[in-house]
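Please work through the following exercises with the sequence and the model at hand. Each task is followed by a solution in steps.

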Amino acid sequence: SIIDECVNLGIRRIRFTGGEPLLFKNINEALMYAKSKNLFVTVNTNATLITKEIKKILFSHVDDLLVSIQGFSPASDKKLTLGTSDFTQKMININQMNSRIPLLRTGTIISRTLINNFEKYRHLMKSLGIKYWDLYRPMAQTFSEEFNISKKDLVTLIHYVKKSRLQGYNI
């Protein structure tokens with residue numbers, strides 16, 4: 001009914017996000033229904049729960065897949081997600097989907113690890129064939145200084161991004 005209401009209001013795009021939308025037991029039906037209504041369908045995911053069945057649905061019913069990538073390696077990802085993500089499976093899934101989804105983007109929350117290892121992240125994005133990499137504001141966290149970003153840190157990051165954009169990267 002929400003999808004029908006969106007269509008009736010003239011909305012042309014819909015985003016499935018969460019938490020993790022692939023945990024929703026009827027995600028396949030919801031994606032198929034949204035596409036049947038000619039909506040531009042975006043899914044935000046951490047890409048670790050993608051099964052063969054879900055891949056088929058994503059390939060045929062998703063226009064834009066936004067994958068959260070917090071680390072540049074298994075160790076950095078574990079540190080930044082508190083071990084809640086399977087980095088290796090995520091990389092496998094991204095590789096398998098990159099040529100099959102019309103728009104595959106990645107998103108990373110700004111952290112000290114990102115700023116201190118920007119080239120490693122950029123190399124990872126390039127190796128995955130990522131054309132669009134979104135950076136998101138730091139999240140205030142009580143468990144770590146990782147996201148306590150100073151003005152100096154942001155200036156450094158902006159320098160890296162500007163340099164990368166001049167080299168043709170979409171960040």
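The exercises below concern a predicted model and treat its sheet, its helix packing and two threonines.

**Exercise 1. Describe the sheet: state the order of its strands, the sense of their pairing and its edge strands.**

Solution.
- Step 1. The sheet is open and consists of five strands, arranged as β1-β2-β3-β4-β5, with parallel pairing.
- Step 2. β1 (13–16) and β5 (132–136) are the edge strands, each of them pairing on one side only.
- Step 3. On average, and ignoring direction, neighbouring strands in this sheet are turned by 20° against each other.
- Step 4. For a detail of the pairing, consider β1 and β2 (residues 40–45), which are joined in the parallel sense over four bridges. Phe16 is placed opposite Val43 in β2.

**Exercise 2. Determine how α2 and α3 pack, and which residues meet.**

Solution.
- Step 1. Two packed helices are described by the angle between their axes and by the distance between those axes.
- Step 2. For α2 and α3, the angle is about 15° and the axes are 10 Å apart. Angles under 35 degrees count as roughly parallel, and α2 is therefore roughly parallel to α3.
- Step 3. The crossing of α2 and α3 is left-handed.
- Step 4. On the α2 side, the residues are Asn28, Leu31, Met32 and Lys35; they meet Glu53, Ile54, Ile57, Leu58, Ser60 and His61 of α3.

**Exercise 3. List the buried residues of α3 and name elements that cover them.**

Solution.
- Step 1. In α3 (residues 52–61), Ile54, Lys55, Ile57, Leu58, Phe59 and His61 are buried.
- Step 2. Their cover includes α2 (27–36), β2, β3 and α5.
- Step 3. Helix α5 (residues 87–97) itself lies across β3 (64–68) and β4 (103–109), and runs at about 160° to β3.

**Exercise 4. Classify Thr48 and Thr81 as buried or exposed, and describe the surroundings of each.**

Solution.
- Step 1. Thr48 belongs to the loop between β2 and α3, whereas Thr81 is part of helix α4 (residues 74–81).
- Step 2. The cut-off for a buried residue is under 20% relative accessible area. Thr48 has a relative accessibility of 17% and therefore counts as buried. Thr81 is likewise buried, because its relative accessible area is 14%.
- Step 3. The side chain of Thr48 makes a polar contact of 2.7 Å with the side chain of Asn46. Leaving aside residues up to four places away in sequence, Thr48 touches Ser85, Asp86, Gln89, Lys90 and Asn93.
- Step 4. In the case of Thr81, a polar side-chain atom lies 2.8 Å from the backbone oxygen of Asp77.

Methods. Residues are numbered from 1 along each chain as its sequence is written. This is a predicted model: local features need pLDDT of at least 70, side-chain atom pairs count only at pLDDT 80 or more; totals for chains, interfaces and linings use all residues. Side-chain values use heavy atoms; hydrogens and water are left out. Two strands pair if DSSP finds at least two bridges between them. Helices (H or I, at least four residues) and strands (E, at least two) are DSSP runs, numbered from the N terminus. Axes are lines fitted to C-alpha atoms, for helices over the stretch in contact, and angles run from 0 to 180 degrees between N-to-C directions. Contact means heavy atoms within 4.5 Å. Buried means under 20% relative accessible area, exposed over 50%, partly exposed in between (1.4 Å probe, protein chains only). A polar contact is a pair of N or O atoms within 3.5 Å; within protein, one must be able to donate a hydrogen and the other to accept it, and residues adjacent in sequence count only if both atoms are side-chain atoms. Angles under 35 degrees count as roughly parallel, over 145 as roughly antiparallel, 65 to 115 as roughly perpendicular and the rest as oblique. A crossing is left-handed if the near helix is turned anticlockwise from the far one by less than a right angle, and right-handed if clockwise.
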